[in-house]
Amino acid sequence: MTMKDRLVRGEKVMMNNVSRLPAVFARGKGTYLFDTDGKKYLDLLSGIAVMALGHSHPRLAKVMQQQAGKILHVSNYFFLEEQVELAEKLRNLSGLGRVFFCNSGAEANEAAIKLARKYGRKLGGKYEIITALDSFHGRTMGALAATGQPKYQEAFAPMPEGFRYAPFNELAAWEEAVNERTCAVLVEPVQGEGGVRPAAKDFIQGLAELCRRRRLLLIMDEVQTGLGRTGKLFAWQHAGVRPDIMTLGKALGHGIPFGAVLARKEAVFEPGDHSTTVGGGGMAFATALEVLRVMEEENLPERAGRLGRELTALFEEWRERLSVVKEVRGLGLMLALELTCPAKPVVETCLQRGLLINAVTPTALRLLPPLNIGKEELEKGLDILYEVLAVVRP
Ligand SMILES: Cc1ncc(COP(=O)(O)O)c(C=O)c1O
């Protein structure tokens with residue numbers, strides 16, 4: 001059966017909930033993917049920041065196999081040893097004392113929203129959360145209501161109440177949005193789905209100060225930026241501002257459904273407040289522990305920062321040479337090229353040429369390469385992208 005046949009079968013049976021690209025993958029190794037026809041691709045998207053250590057990482061494959069034969073799930077009435085070890089590790093790395101594990105980024109944000117409301121209730125019934133325009137926090141109803149993009153919300157109205165939106169990086173508007181009902185602000189340190197837009201350091205520092213002054217919780221959504229992607233283990237470390245609550249997902253589970261909420265002890269659940277049946281499970285805990293070990297041993301956050309600076313400098317040269325490149329944005333290995341033309345045809349041509357990237361907005365290309373990508377592979381991918389961009393008509 002050809003890949004084309006598989007695509008046709010897939011389109012008939014899968015919900016048409018995203019606009020897909022024409023490839024069915026059979027396996028991956030490091031930075032490479034192979035489709036069911038055997039064609040090889042360079043993956044500079046990493047499953048949207050999930051596969052931070054590349055595909056089929058031998059150490060991760062080993063712990064997954066071992067854990068599958070050891071223990072996976074016992075209900076949330078009990079702890080697993082890997083769960084406790086991971087929670088301690090995350091606490092030590094972040095300085096946030098309490099952890100809740102769940103199954104996705106959206107679910108982590110749902111838990112953060114509930115924590116904020118629980119905290120606000122204690123302050124006399126405050127419940128509003130301010131989030132950023134063009135943000136993205138997930139597709140479940142609470143996370144969707146927190147997402148400041150009406151295009152994602154319109155078909156599913158009415159949204160849950162209690163969210164206000166303010167422009168990203170415009171501190172004065174956030175000051176103005178705070179009222180007697182506000183209990184928290186929720187922000188991505190780099191807006192991912194909104195087009196790869198880093199928060200200014202003084203914006204994050206100003207938000208922290210605002211939160212201190214008005215007794216609000218500062219919640220950082222690190223689902224996409226977390227675990228080394230931006231050049232620090234957590235992106236809030238760039239601004240030197242520790243949030244009260246942080247959410248994680250994507251790279252933490254490295255392909256196993258997983259999410260986490262970390263919080264200061266002022267914002268905690270009590271028995272009966274919140275739960276989930278599996279909450280990651282043994283495979284996710286063991287995998288996340290190994291992801292963190294590899295990142296630490298190979299100094300990957302720092303490497304991502306260094307590679308990101310080199311790439312940004314290179315893309316700035318492209319911008320001067322290629323009229324189709326209008327702007328270069330990003331932090332670490334979370335980068336975007338704003339184009340003067342639609343991005344989708346560029347992505348499609350790259351795919352035909354064996355390179356995976358994506359169109360994060362209609363006019364912006366996004367690159368999220370694995371943090372351990374080899375220089376040679378990166379250069380190969382960049383050569384393809386340059387050649388494609390060089391013949392695009394602006
Ligand atoms: C910043 C951010 N938060 C939350 C989510 C939602 O995570 P998930 O798709 O795992 O529910 C995403 C997904 O792209 C994200 O980028």
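This passage walks through a predicted model, from its helices and cores to a few individual residues.

Helix H5 is a good place to start. H5 runs over residues 105-122, which makes 18 residues, and its first and last C-alpha atoms are 26 Å apart, close to the 26 Å expected at 1.5 Å a residue. Just ahead of it, Ser-104 caps the N-terminal end of H5, with a side-chain oxygen 3.1 Å from the backbone nitrogen of Glu-107. At the other end, H5 is followed by Gly-124, a residue with a positive phi near 100 degrees. Quite a list of H5 residues is buried, including Gly-105, Ala-106, Asn-109, Glu-110, Ile-113, Leu-115 and Tyr-119.

Helix H13, at residues 375-390, can be checked in the same spirit. Its 16 residues should span 22 Å at 1.5 Å a residue, and its end C-alpha atoms are indeed 22 Å apart, so the two values agree. The buried residues of H13 are Leu-378, Gly-381, Leu-382, Ile-384, Leu-385, Val-388 and Leu-389. Around the helix axis these residues cover an arc of only 160 degrees, so they sit on the same side of H13.

Two of those H13 residues turn up again in the largest nonpolar core. This core has 85 residues, and the members that touch the most other members are Trp-174, Leu-337, Leu-365, Leu-385 and Leu-389. As for helices, H10 (residues 282-297) gives the most to this core, with eight residues. Leu-389 shows what such packing looks like up close: leaving out residues up to four places away in sequence, Leu-389 touches Trp-318, Leu-322, Val-324, Val-325, Leu-337, Leu-339, Val-346 and Leu-365. Apart from this core lies another one of 26 residues, with Ile-113, Tyr-152, Cys-183 and Ala-184 among them.

What about the cysteines? The structure holds zero disulfides. Cys-102 is in no disulfide, and the nearest cysteine sulfur, in Cys-183, is 19 Å away. Cys-102 has 0% relative accessibility, so it counts as buried. For Cys-341, the closest cysteine sulfur belongs to Cys-350 and is 11 Å away, which is too far for a bond. Cys-341 counts as buried too, because its relative accessibility is 7%, under the 20% cut-off.

The loop between strand S5 (128-132) and helix H6 (141-146) holds Ser-135. With just 1% relative accessibility, Ser-135 counts as buried. Its side chain makes polar contacts with backbone atoms: it reaches the backbone oxygen of Ala-132 at 2.6 Å, and one of its polar atoms lies 2.9 Å from the backbone nitrogen of Gly-148. Setting aside residues up to four places away in sequence, Ser-135 touches Ala-146, Thr-147, Gly-148, Gln-149, Glu-188 and Gln-191. Asp-134 is also in the loop between S5 and H6, but Asp-134 is partly exposed, with a relative accessible area of 39%.

Another loop residue, His-254, sits between strand S11 (245-248) and strand S12 (259-263). His-254 is buried, with a relative accessible area of 4%. Its side chain reaches the backbone nitrogen of Leu-53 at 2.8 Å, and a polar atom of that side chain lies 3.2 Å from the backbone nitrogen of Ala-52. Residues that His-254 touches, not counting those up to four places away in sequence, include Val-50, Met-51, Gly-54, Leu-60, Met-64, Thr-287 and Val-291. His-254 and Ala-284 are 30 residues apart in sequence, and their C-alpha atoms are 8.3 Å apart in space.

Finally, a few spots stand out in the backbone. Most residues other than glycine have a negative phi, and most peptide bonds are trans. Ser-46 is not a glycine, yet it has a positive phi of about 50 degrees. Ser-46 lies in helix H2, at residues 46-49, and is buried, with a relative accessible area of 1%. Asp-134, met above in its loop, has a positive phi of about 70 degrees although it is not a glycine either. The peptide bond that joins Ala-157 and Pro-158 is cis, with omega about 0 degrees. Pro-158 is found in the loop between helix H7 (150-153) and strand S6 (163-166).

Technical notes. Residues numbered from 1 in each chain as written. Predicted model: local features only at pLDDT ≥ 70, side-chain atom pairs only at ≥ 80, totals over all residues. Heavy atoms only, no water. Helix = DSSP H or I, 4+ residues; strand = E, 2+ residues; numbered from the N terminus. Expected span 1.5 Å × (residues − 1). Buried < 20%, exposed > 50% of the residue type's maximum accessible area, 1.4 Å probe, protein only. Arc of directions from axis to C-beta. Core = buried A, V, L, I, M, F, W, Y, C linked by side-chain atoms within 4.5 Å. Contact = heavy atoms within 4.5 Å. Disulfide = S-S within 2.5 Å. Polar contact = N/O pair within 3.5 Å; in protein donor to acceptor, adjacent residues only side chain to side chain.
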